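Reader: I'd like a close look at one part of this model: the sheet, along with whatever packs on it and opens beside it. Could you walk me through that in one go?

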Amino acid sequence: ERFFDNPLVTSAPDIRFYAGVPLVGLNGHHLGTLCVIDRVPRELHQEQLNALKTLADSIMAHLDLRLSHQQIRQYTDDLQLTATIFDASSDAMMVTDADNRIITVNPAFTATTGYTLTEVVVHNPNLLSSGRQDNDFYQKMWQKLNVTGQWDGEVWNKHKNGEPYAEHLTINVIFNEDGTKRLHVAVFSDISHRKELEARLAAAAKEIEDLYNHAPCGYHSLGPDGTYLRINDTELQWLGCEREEVVGKLKPTDFFTRESQESFRKSFPS
């Protein structure tokens with residue numbers, strides 16, 4: 001009754017017999033059927049039905065094996081790509097286990113720190129610690145790692161020769177399927193040169209500020225409303241005022257004589 005009006009029954013090839021077994025994957029999805037057909041009516045014995053089911057299972061085993069091989073190849077390709085990136089990265093990289101013991105480091109790590117893989121493997125990364133960060137710093141780091149699985153910030157570490165250097169550190173936690181920690185992946189970007197430039201700029205800015213404040217001439221700048229925005233020490237001494245009394249509160253004209261104020265208003269009526 002199910003197939004009486006099927007085109008394969010009502011016309012060529014004039015099928016009169018059909019038996020099918022579903023092809024079910026390991027994930028439970030039905031991919032199709034394995035079927036046998038004939039132009040004459042037939043009945044299958046139990047042994048024949050069992051053979052058909054066995055053949056279907058064999059087909060799925062081959063399909064699943066092929067899929068597994070594809071997944072393994074993809075996994076291998078991904079590993080090779082990751083290894084290439086790991087080895088070629090210009091940033092130092094370190095992988096530690098769940099107990100924070102070093103598993104591996106890349107060539108950039110050796111170039112940066114001076115430590116080889118054999119010198120650091122199974123050791124704790126604290127061998128890099130410069131001592132400039134206190135325990136509270138690391139406690140907050142691990143607290144965030146345990147909650148969010150990620151941390152980044154600036155740290156001061158030391159080379160193998162003991163020389164300290166600044167770097168930007170990013171740590172990501174790799175979790176197992178059950179939510180437990182599996183690995184920590186750390187990426188170190190050396191920012192010593194940037195820190196050195198920042199220190200030079202800060203020193204230059206301080207020198208300029210000192211020159212501005214102690215110049216033999218008075219200097220000031222005004223805000224949109226005409227009040228003092230900035231004023232150097234020399235002019236403050238002339239005015240006999242403290243900085244907090246002047247900046248944002250008074251205008252230069254407040255120190256003019258009455259005659260000078262009238263003259264100023266005539267010259268600049270706006």
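Author: Here's a walk through the sheet, then the helices on it, an aromatic pair and the pockets. Keep in mind that this is a predicted model.

Let's start with the strands. The sheet is open and has five of them, in the order S4-S3-S7-S6-S5, with antiparallel pairing. At the edges stand S4 (102-105) and S5 (150-158); each has a single partner strand, so one side of each is left without a neighbour in the sheet. On average, and ignoring direction, neighbouring strands here are turned by 25 degrees against each other.

Now zoom in on one pairing. S6, residues 164-175, runs antiparallel to S7, residues 181-190, and nine bridges join the two. If you want one bridge to click on, take Val-173, whose partner in S7 is His-184.

Next come the helices. H5 (residues 135-148) packs on the sheet and touches S5, S6 and S7. The direction of H5 makes about 150 degrees with that of S5. H6 (residues 192-213) also packs on the sheet, touching S5, S6 and S7, and its direction makes about 135 degrees with that of S6.

There's a nice aromatic detail between H5 and S5. Of the structure's six aromatic pairs, one is formed by Phe-137 and Trp-151: the ring centres are 5.8 Å apart and the planes sit at 85 degrees, so this pair counts as edge-to-face. Phe-137 belongs to helix H5 and Trp-151 to strand S5, 14 residues apart, and the pair links distant parts of the chain.

The sheet also helps to line the largest pocket, which has a volume of about 320 Å³. S3 (92-97), S5, S6 and S7 each supply at least two residues of the lining, and so does H5. There are 18 lining residues, and the ones nearest the centre are Pro-125, Asn-126, Tyr-138, Met-141 and Leu-169. If you're thinking about chemistry, the lining has 11 nonpolar and seven polar residues, with no charged ones.

For contrast, look at the second largest pocket, with a volume of about 190 Å³. The elements giving two or more residues to that lining are helix H1 (7-10) and strand S1 (17-24). Among the residues around this pocket are Phe-3, Leu-8, Phe-17, Tyr-18 and Ile-37. By class, the second lining has seven nonpolar residues, one polar and one charged.

Notes:
Residues numbered from 1 in each chain as written. Predicted model: local features only at pLDDT ≥ 70, side-chain atom pairs only at ≥ 80, totals over all residues. Heavy atoms only, no water. Pairing = 2+ DSSP bridges. Helix = DSSP H or I, 4+ residues; strand = E, 2+ residues; numbered from the N terminus. Axes fitted to C-alpha atoms, helices over the stretch in contact; angles between N-to-C directions. Contact = heavy atoms within 4.5 Å. 1 Å grid on protein atoms, 1.4 Å probe; cavity = no way out; pocket = protein on both sides within 12 Å on 5 of 7 lines; lining within 4 Å. Points joined across faces, edges and corners; volume = space filled by probe spheres on them. Nonpolar A, V, L, I, M, F, W, Y, C, P; charged D, E, K, R; others polar. Phe/Tyr/Trp six-rings, centres within 6.5 Å; stacked < 30°, edge-to-face > 60°.
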